[in-house]
Structure formats: structure tokens, C-alpha cells
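The following exercises are to be worked through with the sequence and the structure at hand. Each task is followed by a solution that goes step by step.

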Amino acid sequence: MPSAMDREVSLNRADTFSFINPWIRYFLFIFSLLFWVFSLLIIAIGVYAKVEKATDTVRDTFLIDPAIILIVVGVVMFFITFCGCIGALRENIKLLKAFSLSLTLVFLTQLAIAVLGFFYSEQTRGTLEKFVKKAIIHYRDDIDLQNLIDYIQKEFKCCGYNNYSDWSRNLYFNCTKENPSRERCAVPYSCCTPVPGEVVINTMCGFGVQNLNYLEATKSIYPLGCADKTAGWIESHLLLVGALALGLALPQIAGIFLSQILISQIEDEISSIL
């Protein structure tokens, strides 16, 4: 027969035992909190960029506006991580399920885009070409978009999507005789090959380039389009691209895995009480 002391110890253990692992709970809370703070930072940068431009939103440039893209990504990330953060802290099953489902949908969407992009490379390239050429058309309409294109062209040492003639699609750089712009037949300065020893950037270096034939033009600007240069960069940096993809996927998988474990433990805890 167990003694009164043994029965008391057994009852105390029953009172203190919990199915919920505090390490998993607080790790998920801290994990979600860090990304929640990061989402606020993304939103703040996007809003600041949008306010600083102080220009009316052009409907056609809405989807290619870097500031808008940052705000949208930040808001989606904010609500997902908020569910994870509060759900883990308050042991709220509904919020944790919303967090897990949202992360799963985001992960599957990214996976579907990657798979479709691989198997339908021609269609993907065509869609990307339309997107980039629309960005070229609105190069002067959005300062953030302009800076992004200039950065890409300088970093990848390319000009236009296919070649420098793509810049004729832009209203300012259009090479038709009817174009009154002083930048007629030009390309952005970011297309120009750097001059050794040049201290001050010559922003007019691309003027009149579209009037030159290919061989003459390549003496002063990058000859290849950004499509070919980007594809070449990816092929030569497959390990880095793979590491970036893995770095993007692992936090999402970890969040889904941890939230499902915590949901299961909370449900076991509720069942034990009932």
C-alpha cells in the first residue's frame, strides 16, 4: 500500500506535469518575434520610400514599384508572424493554425513558381521580359525603379533586357524623329562602361548611342542585355543560388514544423484536463 506521502508526491507531479514543451513554445515565440520586427522594418522602409518620392502613383507602375512591393511583402509577413508570436505566447490553437497554414501556403506558392519556372522556362522568360520592358518604359516615372535598374545594369554590366535598343521603348530615350527629348536615342548612364581614372560620373555618356551600330556602341556601353548576363551569372553561381533558396525555405519549414508540434502538445494538454 502506498503511503500518504507517496500519494502526495504523485499528486504534485500530476499537477506540475505538462504536455507542452516550454523550449518549443519559447523558441517559436522568439523565432516569430524576430521576423515580426523584421516585417515592421520592411514596412517602414517601404513607406519612407513612398513618402520621399512625393509623386502620384501611376496605375501602370503599381506592380513594379519597389516601395509598394516592400510594403505588401512587409504587411503579409507582419500578419503571419503576428499569429505565430501571439499564438505561441498565449498557446492559442487558432492563431497557431493560421500561422502554420499561412506559412505552408507561402512555401507551396514559392515551390510552385520555382517548378513552373524550371519546366516552362520559355514562358517564364517571356513573362519576365514583359515585366522588365514595362519597367524600362516607366524608368523615369519612379525614382526607386530607376535606381534599381541602374544598380542591376551596373552590377551585371549589361544594358536593356535583350540589348541596348530596348531603351527606345522609353518615352525619353525613344529614337524616333518626333521625339523632342534631349535624351533622344540615348541610354542610361548605368549602361556605360567605366572610364579608368574617372572621378565624377558622366551621366551623359549614353547620349546618341542608339544611333551607333553594334560594334561602335560596344566601345562605350555594355554590349549584352541583362537577360543573358543574369542567366550566365546564375549558371556560374549555382551553389550560391542554392544556398539562398535553402536559406529562404528552412525558416519557413522550421516555422511549420514547430507550430504543428506545439498545436499537437496543446491539444494533448486540453485532452488530459478534460
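**Exercise 1.** In this predicted model, find the backbone oxygen that the side chain of glutamine 252 reaches, and decide whether glutamine 252 is buried or exposed.

*Solution.* Begin with the side chain of glutamine 252, which comes to 2.9 Å from the backbone oxygen of leucine 248. Next, place the residue in its element: glutamine 252 belongs to helix 9, which spans residues 238–273. Then take its relative accessible area, which is 8%; because buried means under 20%, glutamine 252 counts as buried. Finally, setting aside neighbours within four places in sequence, list its contacts, which are Leu103, Val106, Phe107 and Gln110.

**Exercise 2.** Determine which elements give two or more residues to the largest nonpolar core, and which element gives the most.

*Solution.* Start from the core itself, which has 18 residues, and in which Leu28, Ala88, Leu96, Phe99, Leu103, Leu262 and Ile266 touch the most other members. Two or more residues come from each of helix 2 (22–53), helix 3 (66–90), helix 4 (93–119) and helix 9, and helix 9, with five residues, gives the most. Leucine 262 can then be followed outward: beyond four places in sequence, its contacts are Ile20, Ile24, Arg25, Leu28, Ala88 and Leu96. A second core, separate from this one, holds 16 residues, among them Ala135, Leu145, Tyr164 and Ala186.

**Exercise 3.** Identify where pLDDT stays under 50.

*Solution.* For the chain, the mean pLDDT is 84, with 88% of residues at 70 or more. Over residues 1–14, however, pLDDT stays under 50, and the model has one contact beyond four places in sequence for this stretch. Where pLDDT is low, predicted coordinates should not be read in detail.

Key:
Residues numbered from 1 in each chain as written. Predicted model: local features only at pLDDT ≥ 70, side-chain atom pairs only at ≥ 80, totals over all residues. Heavy atoms only, no water. pLDDT = per-residue confidence, 0-100. Contact = heavy atoms within 4.5 Å. Helix = DSSP H or I, 4+ residues; strand = E, 2+ residues; numbered from the N terminus. Buried < 20%, exposed > 50% of the residue type's maximum accessible area, 1.4 Å probe, protein only. Polar contact = N/O pair within 3.5 Å; in protein donor to acceptor, adjacent residues only side chain to side chain. Core = buried A, V, L, I, M, F, W, Y, C linked by side-chain atoms within 4.5 Å.
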